[in-house]
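Here are a few exercises on empty space and charged pairs. Grab a viewer and try each one before reading its solution.

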Amino acid sequence: MNSLSLAEFAERLAHRIRLYTRVLDPRRRASAFSQRGEIDALGRIYVINLDRKPARWRRVRGELDRFHGRHGERLSSITRRFPAVDARYMTSEPDHLVLRPTYTLADQLTVEPNPLLALDDRARAHQIGMSRQEIAVALSHIELWRRIADGDDPAALILEDDVFLAPGFARRFRMTWSALLDADGRPDFDLIFLAYKDVTASKSISRPTPVRRQEPGIWEAAAYVLTRAGACKLLSRLPAYGPIDMWLNLQFASLRVFTAGHRLIEQRVDEPSTNSYSILPVLSQVGVIAREKPLLPAARKRRGPVIAFGDAGLGLTSLAKALSMLGYTCISDVDKMPTEELDRLVRGRRGRMFNAYVNVGGIDAGSLKAIASANRHALFIATSHVAGVDDLPSNRLLRCGSAVRDKWAVLSEFLEVEYPPFPYPDDADLGRRATISKTVLETARPATNLKADASPWVLSNRSRSWQGIRLRAEDSTCFDTTVSKWSAGDELPETMWKLRDDTFPSNLALFIPENVAVHDGAIALTLRAQRTSVREYTGAAMAGRGNYLYGTFGAELRPSNVTGVITGLFLHRNGPRHEIDIEFLGRNTTKMLVNVFYNPGPEGTKLEYGYRGTPTEIDLGFDASDDFHFYEIDWQPSRIAWKVDGVIVYERPIWYPTPLPDRPLEYNVNLWHSRSTEFAGYLDRTRLPAVAEVRSIVVAAEPFERRSDAHHVTATSRADGNTA
């Protein structure tokens, strides 16, 4: 699978070397700074810092204290903390007279032109919504500009709180500052970028100079000097739109903007960013991002095990989801814990599959005390007062009832983790669902599990006898369903289906509508050797216009058997990423690949971890490319079953080996060329064009948008009594 390129690794290594060797810099007198108000000195530094990030504020003050100003004063003496706007607490859109939360692909291409994309009418029409984090960052900078415009200081240095001063900062900043003073010693500019990433073609210069007049083409707004006159100009040009560093580029024609000859300040590589970049999904779809990196959660050990309990209806299901979002492998809302797992937990033995247990049967007052005794690191969360809670160590108990408003705050402090950048989940309580023991289906075809992702949401240490968590009554009839059918000879309704014209990083083909056509009474999906601006091949994809939460999704199809080509029938979403797949690898169409991707969180959660998923290869007993067969995904809250010609060939219950997708998904059928030769094999170009045929499509599901219970979904039968 994809990994960091050697060039990127070298860049990161060089960055770390600068970070750790900066303390050896002998020059600590930054004479361009002064607290005495000289007209030729910079007298104010602002640090944009979130209230909930005091450690960052202390660290950046310590960074500034390594340097002294013109008269020997520490730079922290002229530094003021500016409280940042917190994306977590934004409840409404920003004032559109200050910030419009949308921009276009053309705005992005104006700052960073891309040879693969044209700055045309299509780009100008492609609207992109800013992420909440981008909005909060923009509003923070704009509010600080107001302070500078209304203040007495002729200029100020603005820093974000994740920066460090690069080696040679004092000497180089003095040269940069001196080069931009007029004859009277006053600042003769509007804006100087001290931290930046230059993406212009002319960024290489043979002899570095203290300053450069800047044209559009730089990213980052982590460190810059803004004059009072420059702040007034920026405020007069509001509303801003898009990420603030992009919008600043679009104002360069009206300002005197410079960059330091060297980057004097850099963002730390050891401080993980919680920002969410709205442009990245768009660049992936249009094909600019051609390689995706393995996004896997850090293998940090979480405190615990965590045991949570309380009365019914007090948010235990949401708590379980929250723990999962924090990286816990969490079993929840079942009336019975696996016997071996319970024994290991009560006795404090190793080899447990889970490290969080929420609203799980079998844990009573006596076992709580035993768990606390046998596991000296065990933590307990009570959403209400129940028997046995008073016997637990108070330093290991969190009372998190309905009166707690900011649950992330108390939870992250208790577990000693970073306050997450996602909204706290708001799921309906499922209650304790009745479980049963069940063996593998007798009708199942031979199956081989392939290498899966390593994540908290994949059980990597399960035993061979583990069959997942099976529920007593499947809720396959609890939802209304609408049956939608298409058969060969009928017109494909545009109100239900769209032909895709995008791609994704691991796809070496660009989907184009022209590659979907009726052929001999069936829909033919074609992959061709056809050069476009972003890809060497074109493929074909159909996607349903609605989203569905549970149901049955099938198609009668004949996949391509061209090596390197994949025929897919699947359900998918991003934010958080969920996926349920049927795929045929052209290198061997006697097998069907089934797969599930799961990431926890409510709508909009930017968890996209996983590039392998949890794949399993099913031996069909025939060559699927020889004739048409009907393939189905039967997705229910308690299990997923894959069917061929109406017969279940494989199924997965809960935690076999991952939780099941529980967010609305889009139905897709496609034909594409995989970048991974390990996965799909090398493309046999001599057999192109490759064709997959679809003779019928059936959807038995109610569109999510029509459902009366769209906000809360209860999944399966419940047993009475939810207390520990």
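What follows is a set of exercises on this predicted model, each with a worked solution.

**Exercise 1. Find out how many cavities of 30 Å³ or more the whole structure holds, and describe the lining of the largest one.**

Step 1: Search the whole structure, and seven cavities of 30 Å³ or more turn up.

Step 2: Pick out the largest cavity, which has a volume of about 90 Å³.

Step 3: Look at what surrounds its centre. The lining has 14 residues, and D453, S455, V458, Y598 and Y609 are the ones closest to the centre.

Step 4: Sort the lining by character. You get seven nonpolar residues, six polar ones and a single charged one.

**Exercise 2. Work out where E143 and R146 sit relative to each other in the fold, and classify each as buried, partly exposed or exposed.**

Step 1: Check the contact. The two side chains, E143 and R146, make a salt bridge with an N to O distance of 3.3 Å.

Step 2: Locate the partners. Both belong to helix α5 (residues 132-150), and they are three residues apart, or about one turn of the helix.

Step 3: Classify them. Partly exposed covers the range between 20% and 50% relative accessible area. E143 is partly exposed because its relative accessibility is 37%, and R146, at 28%, is partly exposed too.

**Exercise 3. Which parts of the chain does the pair R612 and E678 tie together, and is each partner buried or exposed?**

Step 1: Start with the distance. The closest N and O atoms of R612 and E678 are 3.8 Å apart; the cut-off for a salt bridge is 4 Å, so the pair counts as one.

Step 2: Place the two ends. R612 is in the loop between β34 (591-597) and β35 (616-619), while E678 is in helix α14 (residues 677-680), so this salt bridge links parts 66 residues apart in sequence.

Step 3: Compare the accessibilities with the limits. R612 has a relative accessible area of 14%, so it is buried. E678 comes out at 52%, so it is exposed.

**Exercise 4. Starting from the salt bridge between R639 and D634, which residues make up the network that shared partners create?**

Step 1: Take the starting pair. R639 and D634 form a salt bridge whose closest N and O atoms lie 3.1 Å apart.

Step 2: Check the surroundings of the pair: R639 and D634 are both buried.

Step 3: Follow the shared partners. Salt bridges join R470, D634, R639, K643 and E651 into one network.

Step 4: Put this in context: the search of the whole structure gives 34 salt bridges.

Definitions and conventions
Residues numbered from 1 in each chain as written. Predicted model: local features only at pLDDT ≥ 70, side-chain atom pairs only at ≥ 80, totals over all residues. Heavy atoms only, no water. 1 Å grid on protein atoms, 1.4 Å probe; cavity = no way out; pocket = protein on both sides within 12 Å on 5 of 7 lines; lining within 4 Å. Points joined across faces, edges and corners; volume = space filled by probe spheres on them. Nonpolar A, V, L, I, M, F, W, Y, C, P; charged D, E, K, R; others polar. Helix = DSSP H or I, 4+ residues; strand = E, 2+ residues; numbered from the N terminus. Buried < 20%, exposed > 50% of the residue type's maximum accessible area, 1.4 Å probe, protein only.
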